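Welcome, and thanks for taking a look at this one. Please have the sequence and the model open side by side as you read.

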Amino acid sequence: ENDLEALGLPHGRVLDTALLYPLRYNLQGAPAKSSLRALTWRFLKRQIQTGARGHDPTEDAAAAMELAQLKLRHGARFGLPGSEAGGTYASLLSSLAKAGWGCSVADRREALELLDESGARRVEVDSDEAGIAYAAAELSEPRRFVWLPLRELASAEATADQTSRAAALETLRSRLAELIAAAPPNTLVAVVGCGASAGGGATGGADKPSPSATSRPLGCVALTVVSGAAGGA
C-alpha cells in the first residue's frame, strides 16, 4: 500500500500483508505492523532481502503474494495474535488453561470485547482500584493467572502536569503494595510497562524503533498475578 501511494497509484482493493498479519492489536490507533522480511521468515520459513542491494522487488512481490494466498487459504483468523491458527502466536491463556490453571482478565469493557479467549474468565472493572481489589480476591484460589492492565498512569502521563504524574505513580506504588501484602506464599507478581513506550520506547514494527517513541506517553502498566504451588506451571 505504501509503495502504491508513493507511485501515485491508488487502488481500492489492496491486501496489505502487514495488516493481514498484525504484530499485535492496540486499543487505540492502527495495529502494530511487522515487516515483510519478518513475516516471510515467520510464515514461509525463508529469508528475503539478504543481498547487498537489500530489497529485490521481484522477491518482495512473490513473498507478499504467497503470504496473501496463505491467509486466504487458511481463513481470517490465521496468524492473528492470540489465535491458535497457524501456531505462530501461542495463546498464553489457552496454554495455561490446558495445564489446569484458571485464567482471568480484568479490564475495561472495550478491551474485553477484543479478547477472543473461551478459557478465560472476563471481569469488567471501571478503575484500577476495582481491578486491584478483584486480583486480590482471586488470590484466594490456587493456580490462578490474572491479567490486569492498569491505566490510570497512562492518563497522567498524557498530560504535561508533573504533579499529576508523580501522584499517579505514587498511587500505582500504593496499589501494588496493597496487592503484594494480600498475596499468599508462592505468588508471582509481574509488572510490565506496555503500550506506546514499553521498555523505554515504542516499536514501529518488528525490526526498528519508532523515531517518535521517546515522546509518546506510557500506554498502560500490565499487572500479571500468578498464584499457586511452588514450581509454577
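The briefing below moves from the overall fold to the cores, then to a ring cluster and one threonine.

This is a predicted model, in which local features need pLDDT of at least 70 and side-chain atom pairs count only at pLDDT 80 or more, while totals for chains, interfaces and linings use all residues. Residues are numbered from 1 along each chain as its sequence is written, and side-chain values use heavy atoms, with hydrogens and water left out.

**Overall picture**

- The protein has nine helices and five strands, taken as DSSP runs numbered from the N terminus (H or I, at least four residues, for helices; E, at least two, for strands).
- Along the sequence, these elements follow the pattern α-α-α-α-α-β-α-β-α-β-α-α-β-β.
- Of the 233 residues, 36% are buried, where buried means under 20% relative accessible area, exposed means over 50%, and partly exposed lies in between (1.4 Å probe, protein chains only).
- The exposed surface comes to about 13600 Å², and carbon and sulfur atoms supply 54% of it; the areas come from the Shrake-Rupley method with a 1.4 Å probe, and for residues only the protein chains shown count as cover.
- Among contacts (heavy atoms within 4.5 Å) with a separation of 6 or more, 55% are between residues 24 or more positions apart.

**Nonpolar cores**

- A nonpolar core here is a set of buried Ala, Val, Leu, Ile, Met, Phe, Trp, Tyr and Cys residues joined through side-chain atoms within 4.5 Å.
- The largest such core has 16 residues, and Ala-106, Leu-148 and Leu-150 touch the most other members.
- Helix H7 (128-138), strand E3 (144-150), helix H8 (152-157) and helix H9 (162-182) each supply at least two residues of this core, and H9 gives the most, with four residues.
- Leaving aside residues up to four places away in sequence, Ala-106 touches Val-123, Val-125, Tyr-134, Trp-147, Leu-148 and Pro-149.
- A second, separate core has twelve residues, including Phe-43, Ile-48, Ala-63 and Leu-67.

**Aromatic cluster**

- There are three aromatic pairs in the structure; rings of Phe, Tyr and Trp (its six-membered ring) pair if their centres lie within 6.5 Å, and planes under 30 degrees apart count as stacked, over 60 as edge-to-face and the rest as tilted.
- The ring centres of Tyr-21 and Phe-43 are 4.5 Å apart with planes at 40 degrees, so this pair is tilted.
- This pair links distant parts of the chain, 22 residues apart: Tyr-21 is in the loop between helix H2 (17-20) and H3, and Phe-43 is in helix H3.
- Tyr-21 is buried at a relative accessible area of 0%, and Phe-43 is buried at 11%.
- Phe-43 also pairs with Phe-78, with centres 5.6 Å apart and planes at 50 degrees, so that pair is tilted.
- Phe-78 sits in the loop between helix H4 (57-74) and helix H5 (92-98), 35 residues from Phe-43.
- Ring pairs thus join Tyr-21, Phe-43 and Phe-78 into a cluster.
- The charged end of Lys-71 sits over the ring of Tyr-21, 5.2 Å from its centre; this requires NZ of Lys or CZ of Arg within 6 Å of the ring centre and within 35 degrees of the ring normal.

**Thr-40**

- Thr-40 belongs to helix H3 (residues 36-44) and counts as buried, at 0% relative accessibility.
- A polar atom of the Thr-40 side chain lies 2.8 Å from the backbone oxygen of Leu-36.
- Not counting residues up to four places away in sequence, Thr-40 touches Lys-45, Arg-46, Ile-48, Ala-63 and Leu-67.

Terms used:
A polar contact is a pair of N or O atoms within 3.5 Å; within protein, one must be able to donate a hydrogen and the other to accept it, and residues adjacent in sequence count only if both atoms are side-chain atoms.
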